[in-house]
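Student: Please take a close look at one single part of this structure. I should like its surroundings described as well, in one connected account.

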Amino acid sequence: MTSAPASASARTVLSSGLTAPKPIFDWFFALAGLSVLAVAVRAIYFTPMEALQGAAQKIYYIHVPSALGAYIAVGITALTSVVYLWLHDERADRLAEASAEVALVFITVVLTTGPIWAHKIWGAWWVWWDMRLTFTLFLWFIVAAYLVLRDGIEDPAMRGRYGAVLAILGALLIPFIHLSVYLFSARLHPMPVVLKPDKPSLPPEMLTTFLLAFVAFTLLCFALIRARYRIAVQRDLVTAFEGDGGSR
Amino acid sequence: MSRARAPGTFGAAWLVARKDLAIEFRTRTAFFSALVFAVLALCIFYFAWDESIIAPAQRAPGVLWVVLAFSALLGLQRSFSIEEHDRGIDALLVSPISRESIYLGKAIGNLLFLCAIQLITIPALALFYNLPIGRPLMVVTAIVLLAMIGIVAVGTLFSAMAVNTRLAELLLPMLSLPFFVPILMNAAQATTRVLGDRPLAESWPWLKILIAFDLVFVVACTLAFPFTLEE
Amino acid sequence: MFPTCPAVEASRVRRTFGRRRAVDGVDLSLYAGECLALFGPNGAGKTTLLRLVAGLLKPTSGSVRVCGHSLREDASARAHVGLISHQSMLYRALTPRENVEFAARLYGIPDPRAAALNALERMRILDRADAPVRALSRGLQQRVSIARSIVHEPSVVLLDEPYTGLDAAGGAALTDMLQLLRSSGAALILVTHNVDEGLGVASHAAVMLDGKIVRHDDCATVEPRTYIAQYRELVLRGAEHESSFDVEATA
């Protein structure tokens with residue numbers, strides 16, 4: 001069903017919509033990337049080593065800020081899901097999708113840096129009683145389920161709706177997971193008092209590095225979400241073009 | 001035209017549940033598959049450990065809850081697939097009954113189905129793992145019932161969603177298992193204590209979370225169900 | 001006995017799926033005792049329109065009312081509607097009697113068993129009432145499906161290509177059923193590809209193309225052969241017509 005007039009108008013849209021895409025690696029992303037790099041340099045070379053743990057402690061400058069980035073991204077997914085169910089705005093759905101993917105990346109970083117540090121310090125790869133780590137593990141499964149669910153649905157409206165339902169139920173689940181893991185770990189070990197890297201009595205250089213790391217990773221989180229959002233926009237434009245061109 | 005009054009929410013739910021159970025009773029395939037799976041899994045788990053190192057009675061709680069989780073998934077799969085076959089769901093949606101009663105009916109049907117399976121699985125567990133028959137086992141049965149409510153609440157909703165996707169059979173476990181985690185964790189901890197002859201009060205913190213989970217998710221899933229329908 | 005408000009009233013009903021306008025501004029009024037035959041090529045939006053009237057879909061804009069009620073807002077008003085669609089909506093493991101009885105209970109019919117038997121008898125399938133639906137042929141299943149849809153004596157019956165798969169006896173039973181429903185005051189919307197058959201049972205005929213009703217006639221004023229020729233012309237012309245194409249950028 002591709003008569004000549006249809007393809008001419010299609011070409012017009014193609015040229016106006018997609019020949020001049022906004023660059024993905026723009027200034028915000030570059031800034032975020034540079035700041036992460038800068039913090040890494042500072043953490044490795046310009047921050048004193050922690051007395052008890054040695055060099056391995058420096059992994060925490062990635063581990064904890066990544067966790068923060070993960071929680072921010074997950075929070076954005078949950079909030080935009082509520083907005084989508086309420087307003088049916090597909091922008092909210094795209095944002096939910098973008099944040100979820102970024103969240104998965106950050107959570108994976110947390111789950112890989114955690115064991116590396118744990119092995120150096122505790123001699124065990126996985127420490128079940130580290131509440132944040134275990135909690136983050138279950139978060140990975142929930143976010144992965146969200147993305148797999150979205151991937152299994154073709155209709156965009158249904159995808160948005162189902163994704164939103166899962167995101168909201170997932171948000172409800174989180175306190176239960178937290179409580180369950182807490183009960184479980186409190187029974188086995190008291191919460192570790194020593195070796196908490198974010199206690200307030202850190203020497204100032206370490207504290208500064210931490211704060212800078214938090215800022216850098218938060219910037220990276222937003223930059224990645226923004227970039228991924230743009231990809232979603234362009235993908236949706238292409239789908240719409242393919243869907244409308246020559247039919248109905 | 002005779003003025004008929006459509007049944008209320010729970011009446012309609014019970015109708016739907018009865019219909020599902022009638023279908024299940026007629027075919028019986030799903031029931032036997034899930035049952036055989038559960039009992040077989042109990043046996044396989046027995047051989048996974050050396051009984052001289054860990055006593056069977058000590059492994060029993062963990063094994064029970066793993067087996068329950070997976071046999072529940074088998075049972076939940078069929079929940080909405082029968083509606084999808086010839087679009088029986090459309091007939092339900094066109095009728096005057098509420099969307100919520102469709103969900104509740106399915107959930108009640110699933111609950112009865114799963115409880116029937118557990119009524120055989122639990123004695124099988126006692127048999128193979130040499131558990132004493134007595135009050136502790138009764139309490140464990142009650143904990144299983146409590147846990148089944150949560151499992152069914154979440155599983156029924158995800159079954160409704162999964163049936164509309166590609167790879168429905170893979171998606172249901174992926175969606176449901178993260179939600180089963182708090183149920184299984186708390187129920188298993190409580191079961192361990194109960195079977196270890198500890199007083200029930202010791203298990204209370206875990207049971208509290210289980211009850212709270214059931215309450216929150218029965219309500220949340222009932223409210224979420226209409227969003228899973230195309231409208 | 002026949003109420004004055006329209007049995008089915010659609011006012012500028014529109015339904016979009018993403019960017020596709022399946023139903024694009026339809027106005028319709030159908031009164032008790034009337035039967036509207038709805039013709040149109042595949043993808044014209046006929047099934048979507050039917051589902052909108054049945055309350056299965058929510059209009060994107062505009063309104064649909066059945067006997068003055070909006071089925072989306074008033075669930076009990078759904079008792080006025082019976083739907084017969086492509087799929088049988090039956091449970092194969094159960095018998096026809098059980099299927100129809102279940103439907104009767106859903107609608108709160110006082111004596112569901114008797115109502116079910118009555119409906120099965122009217123569709124001439126009573127002799128097979130106790131064999132599982134799975135054992136019946138497609139045509140017989142269709143009869144059971146119709147019995148299920150009218151057991152609650154709806155005032156509006158929506159039929160989506162009901163003659164498909166029916167043999168002569170089944171088709172005759174269906175036509176008799178439709179005449180009976182009409183004379184007891186029901187309004188019918190019949191979607192069909194078979195223009196001859198449609199014109200034979202209907203009081204009104206409409207053609208749907210690209211989500212719009214492009215032609216609406218009173219069957220009494222229509223000569224079947226001329227109508228069929230004009231209908232073919234309309235459909236062929238519509239197939240050549242380029243579809244409008246707009247991408248709403250909401251990014």
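Tutor: Helices (H or I, at least four residues) and strands (E, at least two) are DSSP runs, numbered from the N terminus. The model is a predicted one, in which local features need pLDDT of at least 70 and side-chain atom pairs count only at pLDDT 80 or more, whereas totals for chains, interfaces and linings use all residues. Residues are numbered from 1 along each chain as its sequence is written, and chains are lettered from A and ligands numbered from 1 in the order in which they are written.

The part chosen here is strand 6 of chain C, residues 156-160. Chain C holds seven helices and nine strands. Its radius of gyration (taken over C-alpha atoms) is 19 Å, close to the 18 Å that the globule rule (2.2 Å times the number of residues to the power 0.38) gives for 251 residues, so chain C is as compact as a globular protein of that length. The C-alpha trace of chain C spans about 55 × 45 × 40 Å along its principal axes. Of the 251 residues in chain C, 49% are buried, that is, 20 or more other C-beta atoms lie within 10 Å of their own, with C-beta atoms placed from the backbone; 12 or fewer would make a residue exposed, and a count in between partly exposed. Two residues are in contact if their C-beta atoms, placed from the backbone, lie within 7 Å; among contacts in chain C between residues at least 6 apart in sequence, 69% join residues at least 24 apart.

Strand 6 belongs to an open sheet of six strands in chain C, with the order 5-6-7-3-8-9 and mixed pairing. Two strands pair if DSSP finds at least two bridges between them. Strand 5 and strand 9 (212-218) of chain C are the edge strands, each pairing on one side only. On average, and with direction ignored, neighbouring strands of this sheet are turned by 15 degrees against each other; the axes are lines fitted to C-alpha atoms, for helices over the stretch in contact, and angles run from 0 to 180 degrees between N-to-C directions.

Strands of a sheet pair through backbone hydrogen bonds, either parallel or antiparallel. Strand 6 of chain C runs parallel to strand 5 of chain C, to which four bridges join it. In this pairing C:I84 stands opposite C:L159 of strand 6. Strand 6 is also parallel to strand 7 of chain C, and here five bridges join the two. C:V157 has C:L188 in strand 7 of chain C as its bridge partner. Elsewhere in the sheet, strand 8 (residues 204-209) and strand 9 of chain C pair in the antiparallel sense over six bridges. One bridge there links C:H204 with C:D218 of strand 9.

Helix 4 (residues 138-150) of chain C packs on the sheet, where it touches strand 5 and strand 6 of chain C; the direction of helix 4 makes about 165 degrees with that of strand 5. Helix 5 (residues 168-183) of chain C likewise packs on the sheet, touching strand 3 (35-39), strand 6 and strand 7 (187-191) of chain C, and the direction of helix 5 makes about 145 degrees with that of strand 7. Together, strand 6, helix 5 and strand 7 of chain C form a right-handed β-α-β unit: with the strands pointing away from the viewer, the path from the first strand over the helix to the second runs clockwise.

In a regular strand the side chains alternate between the two faces of the sheet. Strand 6 of chain C is covered on both faces, with C:V156, C:L158 and C:D160 buried on one side and C:V157 and C:L159 buried on the other. Five of the five residues of strand 6 are thus buried.

The neighbouring strand 5 leads to the contact between the chains, which takes 31 residues from chain C and 27 residues from chain B. Strand 5 (81-84) and helix 2 (96-106) of chain C each supply at least two residues of the side that touches chain B. Helix 2 gives the most to this side of chain C, with five residues. The residues of this side comprise 18 nonpolar, seven polar and six charged; Ala, Val, Leu, Ile, Met, Phe, Trp, Tyr, Cys and Pro count as nonpolar, Asp, Glu, Lys and Arg as charged, and the others, Gly among them, as polar. The partner, chain B, has eight helices and zero strands.
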